[in-house]
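Here is a walk through one chain and its ligand. Keep the 3D view open and follow along.

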Amino acid sequence: MEEATLLNTLKEYFGYDSFRPLQKKVIDSIFDGKDNLVIMPTGGGKSICYQLPAILLPEITLVISPLIALMKDQVDGLTANGVPAAYLNSSQQEADQQAIFQKIDNRELKLLYVAPESLQFIDKILTEGKISLIAIDEAHCISSWGHDFRPAYTQLGYLKNRFPSTPVIALTATADKATRSDIAQQLNIPKAKKHVASFDRKNLSLEVRPGIKRFEQIATFVKNRKKESGIIYCLSRKTTEEIAAKLKAKGFKAEAYHAGLSHDDRTRIQDDFINDEKQIICATIAFGMGIDKSNIRWVIHYNMPKNMEGYYQEIGRAGRDGLPSDTLLFHSYADVVQLQRFASNAANEEVQLAKLDRMKQYSEALTCRRKILLNYFGELKQEDCGNCDICQNPPAFFDGTVIAQKALSCIFRLKGSEPISTIIDVLRGSQNEAVLSKNYQKLPTYGVGSSISWHHWQQYIIQLINIGYAEVAFHKNNHLQLTKAAKNVLFEGEKVRLAEVPDRKTIQQETEAS
Ligand code: ADP
Ligand code: ZN
């Protein structure tokens, strides 16, 4: 497709003068007839990647989207811009559905939004020639490795079998490397071109504080932000209501939001928030998916999120307009324990616990938090960000090159097939079963770190993960593996700066006080 045509269409239907990074690449690839997997942060501009081709392609574009509320917004927006679009879902009247089928038959529609649960009846109406593109939004919902698994999504692999020559575009805001491959696998698009946008949201400040006297801290936080919109995420419905009540008592326009409220109440609260009638929403994670409010100035996590994907997505709702916005996470061991309990009943318990562990390590980190967050999504950063609490108040550092070399070469010797605990055992020359049963006492790295305590080794290795020299393989028994960057330390003499590990006693005292 000609670039001028694309730009004209962008201007005419969306009012924009240029594409964002990646949008153009994705669109070109669709016109090449390829399958595509797009990973772009919330607010990155995913919709245009399929809505714009949909306008120019000869036949209809089928959009799979998980949330009915979201569908309606998108269709309303498109219709207002002059793009003929409709949605089908189970809540509609028979007559409305028939009217849409008629439009499909008459080739009057450019986009058709469908919930994954309603695929069957689409299947009867659309045949291969009648459909130009299949877009699958929130594609991470297909993967039980992702953070928002939806059983209905697992049927979607069927689409590629049924429409083998129709290009598929799968989009998501959050997927770690393993989840990405899983999405492509399950959608039967193993050769899909992967487009990964930068996840760096420089305008969001990152801060973590101990979860002590949380409400007092929040009260201080919002005191000088009377005109700013913000969200406070909580784990339980009860907490959302308690905090909202306390904030109201202090004169703030706050409201609780959770899945226990009626549909009407939820819609009203959302609208009030979007229209700045309500200033603060105290919500469970049910709130926010699909909310398009660009001037949210801050997000607080009253409780720990259960993994980094959720955390990133939730803080990502702040500052979509690009202006400076603040995020604050309260770290509490009580939360970690509770989340561990939730995870222990889940089907993929081990993965969930390991992801929770990474979340906990992020909260306890002594290195630039943005680096950790971006590393987690596979984006390696050299520079510290300057806009997180660690950068602004750095711990004491020392030259940890030798320690790093020892740890990384131990991971190398163990061929990425052992968890952190065994690596520490080998480094410390431990004589336990995990070591002796595999003859690890014969390795050259055995015992080279015996003068450093277990706790210190653990903290150093977590730092090495956080910096990006090693990673936890969630889907391979949580074994620790080296990343490419580790080579620089092992073979190129790269220096490693480590943070002094605080004494264990201080950490425990803080916890007991909370
Ligand atoms: P996502 O689905 O990735 O969260 P959206 O598609 O909702 O993001 O886009 C986020 C915001 O960016 C929307 O307000 C959208 O209109 C705007 N946007 C998208 N593409 C462009 C562009 N090329 N130029 C300017 N604004 C854009
Ligand atoms: Zn930083």
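Start with two helices in this predicted model. Helix α1 covers residues 3–14, and helix α3 covers residues 46–56. Their axes come within 10 Å and cross at roughly 105°. Angles of 65 to 115 degrees count as roughly perpendicular, so α1 and α3 are roughly perpendicular to each other.

Which residues make the contact? From α1 come Thr5, Leu6, Thr9, Leu10, Tyr13 and Phe14. From α3 come Ile48, Leu52, Ile55 and Leu56. Sort the residues of this contact by class, and eight are nonpolar and two are polar. None is charged.

Now turn to ligand 1. Tyr16, Phe19, Arg20 and Gln23 are among the residues around the ligand. Met40 and Thr42 also belong to this shell. Then comes a run of glycines, Gly43, Gly44 and Gly45, followed by Lys46, Ser47 and Ile48. Which element gives the largest share of the shell? The answer is α3, with three residues. Ile48 thus appears twice in this account: in the contact of α3 with α1, and in the shell around ligand 1. By class, the ligand shell has six polar, four nonpolar and two charged residues. Set that beside the helix contact, where no residue is charged.

Step back to the whole chain. Its secondary structure comes to 22 helices and 17 strands. The radius of gyration is 25 Å, close to the 24 Å that the globule rule gives for 514 residues, so the chain is as compact as a globular protein of that length. Along its principal axes, the C-alpha trace spans about 75 × 55 × 45 Å.

How confident is the predictor, and what are the scores? The mean pLDDT of the chain is 91. A pLDDT of 70 or more is reached by 96% of the residues. Residues 506–514 are another matter: pLDDT stays under 50 there. For that stretch the model has eight contacts beyond four places in sequence. The model scores ipTM 0.97 and pTM 0.74.

How values were computed. Residues numbered from 1 in each chain as written. Chains lettered and ligands numbered in written order. Predicted model: local features only at pLDDT ≥ 70, side-chain atom pairs only at ≥ 80, totals over all residues. Axes fitted to C-alpha atoms, helices over the stretch in contact; angles between N-to-C directions. Helix = DSSP H or I, 4+ residues; strand = E, 2+ residues; numbered from the N terminus. Parallel < 35°, antiparallel > 145°, perpendicular 65-115°, else oblique. Contact = placed C-beta atoms within 7 Å. Nonpolar A, V, L, I, M, F, W, Y, C, P; charged D, E, K, R; others polar. pLDDT = per-residue confidence, 0-100. Near = placed C-beta within 6 Å. Rg over C-alpha atoms; globule rule 2.2 N^0.38 Å.
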